[in-house]
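Work through the exercises below with the sequence and the model side by side. Try each task before reading its solution.

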Amino acid sequence: MPASPKKTWLIVGASRGIGHEFVRQLLIRGEKVYATVRDPSREHQSSFWTGHEDVDPPCTALSCDVLNEQSLLVGDKMPSIDDPSYGDFAFHLHSNTIGPIICAQKLISAGIDIGAITFISSDSGSAQHFRPFEDGFAAYAASKAALNQMARHLAAELERKGAETVILLLHPGEVMTDMAKIEVAWDMGDQLTPKESVSGCLKTIESKGQVDSGTFWTWENKVGEHG
């Protein structure tokens with residue numbers, strides 16, 4: 001049987017954690033990867049293709065910052081619903097909703113052939129399965145709920161225009177990354193390694209087609225609840 005054609009992937013936010021793991025696993029598969037980071041220095045780029053020198057080119061690192069400022073949580077816990085500042089709330093909306101959607105719109109308007117755009121969302125943004133115990137996550141949850149709705153509208157608009165780009169929303173699970181090192185008052189259960197999460201995410205993404213555009217899935221390829 002002929003080998004499957006290689007795909008081109010754009011990973012937005014590949015500096016660390018889940019994004020970096022997406023790049024690592026795709027390079028192992030020999031795929032063509034563009035990875036965006038805030039500082040595409042030579043040292044930073046080399047971390048993507050170490051051990052994959054046979055890929056030509058192994059990875060192209062691009063400079064991109066959807067916020068134009070450092071997109072990291074500050075401190076060891078998130079503000080509660082009682083004390084978030086205007087800036088805290090705006091930060092979540094810009095980093096989790098506005099930035100990703102505008103980035104996707106610019107890619108679509110560039111006129112290139114895009115098979116699928118996948119937004120990393122969260123079960124915290126579900127309205128049907130509200131998580132009342134997540135004190136301090138109200139702004140984060142609201143930003144992910146807004147992302148879910150924006151992505152669904154984007155999928156519907158593309159379908160009306162006859163576009164074939166598939167829009168997906170994906171919950172990667174509770175993953176052991178630097179950004180997950182925050183203090184919470186509830187049991188988060190067993191956490192996944194980035195390798196485990198991304199392996200499941202890639203299988204889920206590649207199993208979807210046009211009929212699935214605008215839908216929400218988990219890393220286990222299970223239907224998620226985002227409504």
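**Exercise 1. Sort the residues of strand S5 by face, and decide whether each face is covered or uncovered.**

Solution. The model is a predicted one.
- Step 1: Find the strand, which spans residues 166-171.
- Step 2: Split the side chains. In a regular strand, they alternate between the two sheet faces.
- Step 3: Put Val166, Leu168 and Leu170 on one side. Ile167, Leu169 and His171 go on the other.
- Step 4: Apply the cut-off. Buried means under 20% relative accessible area. Each of these residues is buried, and both faces of S5 are covered.
- Step 5: Conclude. Six of the six residues of S5 are buried, so the strand is largely enclosed by the rest of the structure.

**Exercise 2. Place S5 in its sheet: what is the strand order, and which strands stand at the edges?**

Solution.
- Step 1: Take the pairing with S4. Five bridges join S4 to S5, and the two run parallel. Within this sheet, Ile117 stands opposite Ile167 in S5.
- Step 2: Take the pairing with S6. S5 and S6 are joined in the parallel sense over four bridges. Here Leu168 faces Thr215 in S6.
- Step 3: Write the order. The sheet is open, has three strands and reads S4-S5-S6.
- Step 4: Name the edges. S4 (116-120) and S6 (215-218) each have a single partner strand, so one side of each lacks a neighbour in the sheet.
- Step 5: Add the twist. Neighbouring strands here are turned by 30° against each other on average, direction ignored.

**Exercise 3. Find the helix that lies across this sheet, then describe the surroundings of Thr204.**

Solution.
- Step 1: Pick the helix. H5 (residues 194-206) lies across S4, S5 and S6. Its angle to S5 is about 150°.
- Step 2: Locate Thr204, which sits in H5. With a relative accessible area of 2%, Thr204 is buried.
- Step 3: List its contacts, leaving aside neighbours within four places in sequence. They are Leu170, Trp217, Thr218, Trp219, Glu220 and Asn221.
- Step 4: Follow one of these contacts, Asn221. Asn221 belongs to the segment after S6. It is not a glycine, yet its phi is positive, about 65°. At 32% relative accessibility, Asn221 is partly exposed.
- Step 5: Follow another, Trp217. Lys208 lies over the face of Trp217, at 3.3 Å from the ring centre.

**Exercise 4. Is Ile101 buried or exposed, and which residues does it touch?**

Solution.
- Step 1: Locate Ile101 in helix H3 (residues 86-109).
- Step 2: Read its accessibility. The relative accessible area is 4%, and Ile101 counts as buried.
- Step 3: List contacts, not counting residues up to four places away in sequence. Ile101 touches Phe119, Leu147, Met150 and Ala151.
- Step 4: Compare sequence and space. Ile101 and Leu154 are 53 residues apart in sequence. Their C-alpha atoms are 8.7 Å apart.

**Exercise 5. Describe the pairing and the two faces of strand S1.**

Solution.
- Step 1: Find the partner. S1 (residues 8-12) pairs with S2 (residues 32-37) in the parallel sense over five bridges.
- Step 2: Fix the register. Trp9 stands opposite Val33 in S2.
- Step 3: Sort the faces. Trp9 and Ile11 form the covered face. Thr8, Leu10 and Val12 form the uncovered one.
- Step 4: Look at a ring in S2's part of the sequence. Lys32 lies over the face of Tyr34, at 4.9 Å from the ring centre.

**Exercise 6. How many disulfides and aromatic pairs does the structure hold?**

Solution.
- Step 1: Recall the bond. A disulfide joins the sulfur atoms of two cysteines covalently.
- Step 2: Count. The structure holds zero disulfides.
- Step 3: Check two cysteines. Cys103 is buried at 18% relative accessibility. Cys201 is buried at 0%.
- Step 4: Search the rings. The whole structure yields zero aromatic pairs.

**Exercise 7. Summarise the chain: which elements does it have, and in what run?**

Solution.
- Step 1: Count the elements. There are five helices and six strands.
- Step 2: Read from the N terminus. The run is β-α-β-α-β-α-β-α-β-α-β.
- Step 3: Add burial. Of the 227 residues, 37% are buried.
- Step 4: Add contact range. Take the contacts with a separation of 6 or more: residues 24 or more positions apart account for 65% of them.

Methods: Residues are numbered from 1 along each chain as its sequence is written. This is a predicted model: local features need pLDDT of at least 70, side-chain atom pairs count only at pLDDT 80 or more; totals for chains, interfaces and linings use all residues. Side-chain values use heavy atoms; hydrogens and water are left out. Two strands pair if DSSP finds at least two bridges between them. Axes are lines fitted to C-alpha atoms, for helices over the stretch in contact, and angles run from 0 to 180 degrees between N-to-C directions. Contact means heavy atoms within 4.5 Å. A disulfide is a pair of cysteine sulfur atoms within 2.5 Å. Buried means under 20% relative accessible area, exposed over 50%, partly exposed in between (1.4 Å probe, protein chains only). Rings of Phe, Tyr and Trp (its six-membered ring) pair if their centres lie within 6.5 Å; planes under 30 degrees apart count as stacked, over 60 as edge-to-face and the rest as tilted. A charge sits over a ring if NZ of Lys or CZ of Arg is within 6 Å of the ring centre and within 35 degrees of the ring normal.
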